[in-house]
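Welcome, and thanks for taking a look at this one with me. Below are some numbered notes to read alongside the model.

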Amino acid sequence: MRAKIIITDNYQLMSEAAARLVIEQIKKKPNAVLGLATGATPIGLYENLVKAAWLKTVSLSQTKAFLLDEYVGLNKADSRSFHYFIKNKLFDRVDIKKENTFIPDGQAQDLKKECASYESLIKRHGGIDLLILGIGLNGHLAFDEPGSEIDSKTRVVKLKEQTRRANAAYFKKPSQVPRQGITIGLGTIMKARKIILLAAGENKAGVIRRALKGKITKSVPASILQTHKNLTVVLDQAAAGELMAGGKRRK
Ligand code: PGA
């Protein structure tokens with residue numbers, strides 16, 4: 001595998017290391033097109049970006065950003081929507097222009113049309129220069145759940161129960177977690193010129209091993225990343241715990 005793997009001592013250092021890579025990209029190409037993940041993992045990275053923008057170490061005034069996924073059916077103003085998340089964590093706190101930010105509309109009348117136009121919007125902007133990914137416990141990337149096709153594009157997907165359970169904490173009742181999402185496809189992901197995969201915590205150690213060292217298979221969507229030409233994986237110690245020779249770390 002050609003991936004560069006950076007193992008840091010803890011979540012904070014993981015977030016700082018990832019932020020440095022993003023800042024480096026924006027400095028090199030101020031009008032870079034970013035692909036942004038939601039979830040708990042990249043929050044520290046976004047905090048570091050906000051800090052850097054505030055300190056004027058970097059400016060996102062020409063940067064473009066595409067969110068990777070969104071729940072189907074949630075209102076944009078709903079605090080559990082990814083729309084709300086990314087505005088709150090990043091877009092409203094840096095100097096990125098609103099017209100340069102893109103989020104799939106999970107409430108579109110015609111979801112199929114929304115997916116097709118999101119895919120072509122990414123293309124029209126020249127494709128994604130730098131894509132930031134988290135990883136689900138089942139190996140999903142964005143909402144590309146196990147079984148997703150390698151060349152899949154932006155589309156509506158049914159969320160796996162494991163994914164709905166993992167996100168249940170954000171909702172009053174687990175049954176309120178939407179059953180569908182809009183997600184960019186694995187094909188869309190693989191076209192990104194550079195990818196940063198982030199993972200933190202012991203509960204991600206198994207899936208990180210399967211994704212990076214296991215067989216490339218549809219049942220672990222993240223395993224496709226092994227074939228990407230420019231992948232950097234940034235982990236904390238705990239998430240890297242099963243990557244070392246000998247497999248599962250024993251206590
Ligand atoms: P997390 O989610 O960052 O909240 O762990 C990752 C994912 O499900 O892709």
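1. Let us begin with a charged pair: what do the side chains of Asp 129 and Lys 29 meet in? They meet in a salt bridge, with N and O 3.0 Å apart. Please keep in mind that this is a predicted model, so the values here are computed from it. The pair links distant parts of the chain, with the two positions 100 residues apart. Asp 129 sits in the loop between α4 (111–124) and β6 (130–133), while Lys 29 belongs to the loop between α1 (11–28) and β2 (33–36).

2. Now look at how covered these two partners are. Asp 129 has 6% relative accessibility and counts as buried, because the cut-off for buried is under 20%. Lys 29, at 30%, is partly exposed. The pair also has company: Lys 29, Asp 129 and Arg 193 are linked in a network of salt bridges.

3. The count of salt bridges comes to eight. One of them joins Asp 92 and Lys 87, whose closest N and O atoms are 3.5 Å apart. Here Asp 92 is exposed, with 53% relative accessibility, whereas Lys 87 is partly exposed at 26%.

4. Another salt bridge is found between the side chains of Arg 164 and Glu 161, at 3.1 Å from N to O. How far apart are these two residues in helix α5? They are three residues apart in α5 (residues 161–166), so about one helical turn separates them. Arg 164 is buried, with a relative accessible area of 6%, and Glu 161 is partly exposed, with 42%.

5. Next comes the sheet, which is a good thing to trace by eye. It is an open sheet of seven strands with parallel pairing, in the order β1-β10-β9-β6-β2-β3-β5. At its edges stand β1 (4–8) and β5 (101–102). Each of these has a single partner strand, so one side of each is left without a neighbour in the sheet. As general background, strands of a sheet pair through backbone hydrogen bonds, either parallel or antiparallel.

6. For a closer view of one pairing, try β9 (residues 194–199) and β10, which pair in the parallel sense over five bridges. Leu 197 stands opposite Val 233 in β10. Strand β10 also holds Asp 236, a buried residue with a relative accessible area of 8%. The side chain of Asp 236 reaches the backbone nitrogen of Gly 201 at 3.1 Å.

7. Then there is the ligand. Which residues surround the ligand? They are Gly 39, Ala 40, Thr 41, Ile 135, Gly 136, His 140 and Lys 204. Several polar atoms are worth picking out here. A polar side-chain atom of Thr 41 lies 2.4 Å from an oxygen atom of the ligand. For His 140, an N or O atom in the side chain is 2.7 Å from a ligand oxygen. Ala 40 takes part with a polar backbone atom, 2.9 Å from an oxygen atom of the ligand. On its own the ligand has 280 Å² of accessible area, and the protein covers 76% of this.

8. Is Asp 144 buried or exposed? Asp 144 is buried, with 0% relative accessibility. Its place is in the loop between β6 and β7 (155–158). A polar contact of 2.8 Å joins the side chain of Asp 144 to that of Arg 155.

9. Another buried position is Ala 205, with a relative accessible area of 4%. Ala 205 lies in helix α7 (residues 205–213). From C-alpha to C-alpha, Ala 205 and Gly 241 are 5.7 Å apart in space, although 36 residues apart in sequence.

10. Finally, turn to the surface. Ile 5, Ile 7 and Met 244 make a nonpolar surface patch of about 250 Å². Met 244 is found in the segment after β10 (231–236). With 45% relative accessibility, Met 244 counts as partly exposed.

Notes
Residues are numbered from 1 along each chain as its sequence is written. This is a predicted model: local features need pLDDT of at least 70, side-chain atom pairs count only at pLDDT 80 or more; totals for chains, interfaces and linings use all residues. Side-chain values use heavy atoms; hydrogens and water are left out. A salt bridge is a side-chain nitrogen of Lys or Arg within 4 Å of a carboxyl oxygen of Asp or Glu. Helices (H or I, at least four residues) and strands (E, at least two) are DSSP runs, numbered from the N terminus. Buried means under 20% relative accessible area, exposed over 50%, partly exposed in between (1.4 Å probe, protein chains only). Patches are made of residues with over 30% relative accessible area and no salt bridge: like charges are joined within 9 Å, nonpolar side chains (Val, Leu, Ile, Met, Phe, Trp, Tyr) within 5 Å. Accessible areas come from the Shrake-Rupley method with a 1.4 Å probe; for residues, only the protein chains shown count as cover. A residue is near a molecule or strand if one of its heavy atoms lies within 4 Å of it. A polar contact is a pair of N or O atoms within 3.5 Å; within protein, one must be able to donate a hydrogen and the other to accept it, and residues adjacent in sequence count only if both atoms are side-chain atoms. Two strands pair if DSSP finds at least two bridges between them.
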